[in-house]
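Visitor: I'm new to reading protein structures. Could you walk me through this one, question by question?

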Amino acid sequence: MAVSVYIPQPFRRFTANREYVEVDGGDVAGVLDAVNARYPGFDMLVYDRERRVPAHINIYVNNQEIHELDGISTAVGDGDQIAVIPALAGGAAPSTALTPDEAMRYSRHIIMPQVGSIGQRKLRNAKVLIVGAGGLGSPVAIYLALAGVGTVGLVDFDVVDLSNLQRQLLHQTEDVGRTKLDSAVDTLHAYNPHVRVVTHPAPLHSENALEIIGDYEIIVNGADNFATRYLVNDAAYLLGKTLVDGSILLFDGQATVFKPGEGCYRCLYPAPPPPGLVPSCAEAGVLGAITGIVGSIQATEVFKQILDIGRPLVGRLLLIDALTMEFREMKLRRDPACPLCGDEPSVVELIDYDAFCGSPPLEAPTANGGGH
Amino acid sequence: MEVRVNVTSVIQKTVGGQRELTAEGGTVAELIDDIDRRYPGFRDQLVDEGGQLHRFVNVYLNDEDVRFMEGAATALSEGDEISILPALAGG
């Protein structure tokens, strides 16, 4: 009749840091007594002086709060999971408390003091847009979904091609021919059904970019062409959004974070190369695993932005060379002469990016599809 | 002045596929000329007809973008490291 009791992080100092305690069942009161018998002092946390469960403590049996059942008399038996979840300081409404399922799913994050249950709820409230559901967009979307980022937006209008599968983790063999967004939604929900995936199945262009990007707090660039990269940069800056940038080609990767006022993509590369000078991944090739390296770095930076922890990759351009496995860092500065974020900006609204970048390649409408 | 030069991504094919080489020069422009003597066509990848650095390729002296220094006229010192970095669009 063993039941498993989930101990929330702040209470673990009473349980020798154990996350789960196995005790015999019976009813909830008996279970709490059994935990207290093993770890004296535990009952001070879950009962008030009248030996009632105080309002700020929720106890769940499997996924149901015991108030909806028989309170502490609720019967529990073999294999049942009990979770003790304290509401957090600050008067959080009950609806925002983590459910036991969430507390367990994200426990390896929550256990870290830099995250905690407050951080986990920040992740759940976060809205992140990923431009391109391809090479970079795949690992970013998957790691954000796994971490419980509440809303993940995806922009892509492409269809899964067999040649995508060498690197694009969101899509599998059976998805060839489906839209990347349909495939992505299925994959992300299989990983984590709690995540809301919002799809934007259209090319990003000057007429829709502000509206789409405006709905999100953090933007991740996984586009596969310069026109979309400048468009996303300009739109994110004009809307005051943080842009987590990454790009790849051959065995090389680049990553940085643009915060409005601290430099932008135009400060880094004032103009796009002439069409044809810098090949695409389709033309030149790309190592599949470099998408995982750069995408994971982007996902990590998103995570840090949401939680406001660590030192962001702002003002630094990280260069990754997979062949030598060297990571180098260059300084990235706001350019006072930048036409977008400089002292006298000339770009004050979105422009025609195909014209700015020269004609797109003839073969395909690549704007914002991730990784052809 | 001998300086180590790191060449990234698609620029590598203009220097015979090398990722790293050494070159001579008192300034960035002279260094580019030195490499161009050995690998004709290299200069065109980095500078325009007026000798200005292209706006889509970055040249870093150590970890600083020379655009924020003296551009192609930026002076080099013994032991400096130059990195040449094109924008990448792959995603």
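Guide: Sure, and one definition before we start: domain bounds come from an automatic or database domain assignment. Also keep in mind that this is a predicted model.

Visitor: Good to know. How far apart are the centres of domain 1 and domain 2 of chain A?

Guide: The assignment splits chain A into domain 1 (2–102) and domain 2 (126–356). Take the centre of each over its C-alpha atoms, and the separation comes to 42 Å.

Visitor: What does the whole C-alpha trace of chain A span along its principal axes?

Guide: Chain A has 372 residues, and buried ones make up 45% of them. Its secondary structure comes to 13 helices and 15 strands. Along the principal axes, the trace spans about 75 × 50 × 40 Å.

Visitor: How confident is the predictor, and what does chain A average in pLDDT?

Guide: In chain A, 94% of the residues score at least 70, and the average pLDDT is 91. Not every stretch does that well, though: over residues 89–95 of chain A the pLDDT is below 50, and beyond near neighbours in sequence that stretch has three contacts in the model. Residues 361–369 of chain A are also below 50, but there the count of such contacts is 28. Back to your question, the average for chain A is 91.

Visitor: Let's go to domain 1. Which strands are at the edges of the five-stranded sheet?

Guide: That sheet is open, has mixed pairing, and follows the order β2-β1-β7-β4-β5 in chain A. An edge strand pairs on one side only, and here that fits β2 (20–24) and β5 (64–65) of chain A.

Visitor: And inside that sheet, what is the bridge partner of S4(A) in β7(A)?

Guide: Strand β1 (residues 2–6) and strand β7 (residues 81–86) of chain A pair in the parallel sense, over three bridges. Look in β7(A) for the residue bridged to S4(A), and you land on Q81(A).

Visitor: I see P100(A) as well. Is P100(A) buried or exposed?

Guide: P100(A) sits in helix α3 (residues 100–105) of chain A. Its contacts, leaving out residues up to four places away in sequence, are Y6(A), Y60(A), N63(A), Q81(A), A83(A) and I85(A). The C-alpha atom of N62(A), 38 residues away along the chain, is 7.6 Å from that of P100(A). Since the cut-off for being buried is 20 or more other C-beta atoms within 10 Å, and P100(A) has 23, P100(A) is buried.

Visitor: Now the core. Which element gives the largest share of the largest nonpolar core?

Guide: This core has 131 residues, and those with the most contacts inside it include I82(A), V128(A) and L144(A). The helix α9(A) supplies nine residues, which is the largest share. The core also draws at least three residues from each of domain 1 (2–102) and domain 2 (126–356) of chain A. As for the element you asked about, that's α9(A).

Visitor: How many of the residues of α9(A) are buried?

Guide: Helix α9 (residues 226–238) of chain A reaches 18 Å from its first C-alpha to its last, close to the 18 Å expected at 1.5 Å a residue. After this helix comes G240(A), whose phi is positive, near 70°. The helix is mostly covered, with a buried count of 13 of its 13 residues.

Visitor: What about L144(A), which residues does L144(A) touch?

Guide: L144(A) is among the core residues with the most contacts inside the core. Skip residues up to four places away in sequence, and L144(A) touches V128(A), V149(A), V152(A), A299(A) and V302(A).

Visitor: Which residue is the bridge partner of V131(A) in β9(A)?

Guide: Strand β8 (residues 127–131) of chain A runs parallel to β9(A), and five bridges join them. Strand β9 (residues 151–155) of chain A is mostly covered, as four of its five residues are buried. Within β9(A), V131(A) is bridged to V155(A).

Visitor: Last one: there's a chain B too. Which element gives the largest share of the side of chain B that touches chain A?

Guide: The contact takes 37 residues from chain A and 20 residues from chain B. On chain B's side, the elements giving two or more residues are β3 (57–61), β4 (64–65) and β5 (81–86) of chain B. The largest share is three residues, and it comes from β5(B).

Methods: Residues numbered from 1 in each chain as written. Chains lettered and ligands numbered in written order. Predicted model: local features only at pLDDT ≥ 70, side-chain atom pairs only at ≥ 80, totals over all residues. pLDDT = per-residue confidence, 0-100. Contact = placed C-beta atoms within 7 Å. Buried ≥ 20, exposed ≤ 12 C-beta atoms within 10 Å, placed from the backbone. Expected span 1.5 Å × (residues − 1). Core = buried A, V, L, I, M, F, W, Y, C linked by C-beta atoms within 7 Å. Pairing = 2+ DSSP bridges.
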